[in-house]
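Q: Could you take me through the pocket of this model, along with a few side chains that deserve a close look? I would enjoy one connected account.

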Amino acid sequence: MPSTEGKPEAGLKGILSTVGGTPLVELERLIPGFTSRVYAKVERFNPGGSVKDRSALSMVVTRIRSGELVPGRSTVIESSSGNLAIGLAQICGYYGLRLICVVDTRTTRQNIGILRAYGAEVDIVTEPDPVTGELLPARLHRVADLMARTPDAYWPDQYANPLNPRAHRTTMREIAEALDGKVDQLVVAAGTSGTLSGCAQYIRRHHLGTVVNAVDAVGSVLFDSTASCARLVPGHGASVVPKLLRRSDADRVVHVGDLDCVVGCRTLVGREAILAGGSSGAVVSALVKLAPTIEPGSNVVVVLPDGGDRYLDTIYDDDWVRTHFGEVEHLWKNQVRDAPTGQLADIGQS
């Protein structure tokens, strides 16, 4: 019988019973001539559209089962500009929990519309933190203020809550079971560090021997990026070090820039017909950089956190790309159409 370790969705019914169990898809065309097999854990198939559904479910359902969250009475308050917010909105809507989601001016109109469609209240932070100049600390200050004046409130705190990585022990279990335990390399984006930590926990406990490759953003504080710059593509990296982060969870770290994310996404959809989000592009870019170091015959798994539907106005918009990066279409179009067998040109630049 399969293990239920770290599986908060066990016993659930309705739409929430579909969280997890996402497909593992072999990518045969991504890197022509690559001598290892590449598999993608496609997390867009969760009902809220991303890997964050797993974290949201774990952090909310566990509290409901313990009696600490009471549907119809309790309020959930969280800082998130995208996928976690949507996962929480669906779950809170299902259970009749009030949700206040603190976002900022970078949150897309589409995401705000989705949150409100689920019945969430959206609190938009417009001014950055005066000390750091970053919006994330300002959002966290707003959460603290709301918590202080809202009765029976619960802050999931995705950056520190151990229920976040616990959910992703299931993610790694699904991967390991699908490949009979032979997972030589894992490539995963790091943000709150929930997915990274949960997968690493499962790998250690089950002695899989998997090399864990963490993908961080250039300009992020997670793994000591040497560059300092504004970041356009959300979903990986952070401006505040999360309490969940254990740098030892990563055997190797790859830093990628915004352009890498764009080229990774465009290459993935062009070669594999997978429309994926920005952090998925980061993971693809990192894999291409790592490919020469991977032992032939390995099983390599990349976690694709979400779909590209919410990035149509940015990563998949030619005008947006030209505005921010110039004429760079050759970085993916030449690869998709003309890449020689056995070789893939550089996939962008940090």
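A: Happy to. Please keep in mind that this is a predicted model. Let me begin with F325, a partly exposed residue with a relative accessible area of 23%. The partner of F325 in an aromatic pair is W320, and the arrangement is edge-to-face, with 6.1 Å from centre to centre and 70 degrees between the planes. W320 itself is buried, because its relative accessible area of 16% falls under the 20% cut-off.

The structure holds 2 aromatic pairs. Y94 and Y95 make up an aromatic pair too, again edge-to-face, with a centre-to-centre distance of 5.3 Å and an angle of 85 degrees between the planes. Both tyrosines can be placed by accessibility: Y94 is partly exposed at 43%, and Y95 counts as partly exposed at 22%.

Now to the pocket you asked about. The largest pocket has a volume of about 1200 Å³. Its lining is made of 50 residues, and those closest to the centre are S81, V233, P234, G235 and H236. Sorted by class, the lining has 22 polar residues, 21 nonpolar residues and 7 charged residues.

Which helices and strands supply at least two residues each to this lining? They are helix α2 (83-95), helix α4 (135-149), strand β7 (185-189) and helix α6 (194-205). The largest share, 3 residues, comes from α6.

Finally, a close look at S79, which is found in strand β3, residues 75-79. S79 has 0% relative accessibility, so this serine counts as buried. The side chain of S79 is joined to the side chain of R139 by a polar contact of 2.8 Å. What else is S79 in contact with, leaving aside its neighbours within four places in sequence? Besides R139, the list holds V102, L136, L140, V143 and Q158. R139 lies within the span of α4 (135-149), a helix that supplies at least two residues of the pocket lining.

To bring the threads together: S79 is a buried serine with a polar contact to R139, while the pair of W320 and F325 is edge-to-face, as is the pair of Y94 and Y95. The largest pocket, at about 1200 Å³, has S81, V233, P234, G235 and H236 closest to its centre.

Methods. Residues numbered from 1 in each chain as written. Predicted model: local features only at pLDDT ≥ 70, side-chain atom pairs only at ≥ 80, totals over all residues. Heavy atoms only, no water. 1 Å grid on protein atoms, 1.4 Å probe; cavity = no way out; pocket = protein on both sides within 12 Å on 5 of 7 lines; lining within 4 Å. Points joined across faces, edges and corners; volume = space filled by probe spheres on them. Helix = DSSP H or I, 4+ residues; strand = E, 2+ residues; numbered from the N terminus. Nonpolar A, V, L, I, M, F, W, Y, C, P; charged D, E, K, R; others polar. Buried < 20%, exposed > 50% of the residue type's maximum accessible area, 1.4 Å probe, protein only. Polar contact = N/O pair within 3.5 Å; in protein donor to acceptor, adjacent residues only side chain to side chain. Contact = heavy atoms within 4.5 Å. Phe/Tyr/Trp six-rings, centres within 6.5 Å; stacked < 30°, edge-to-face > 60°.
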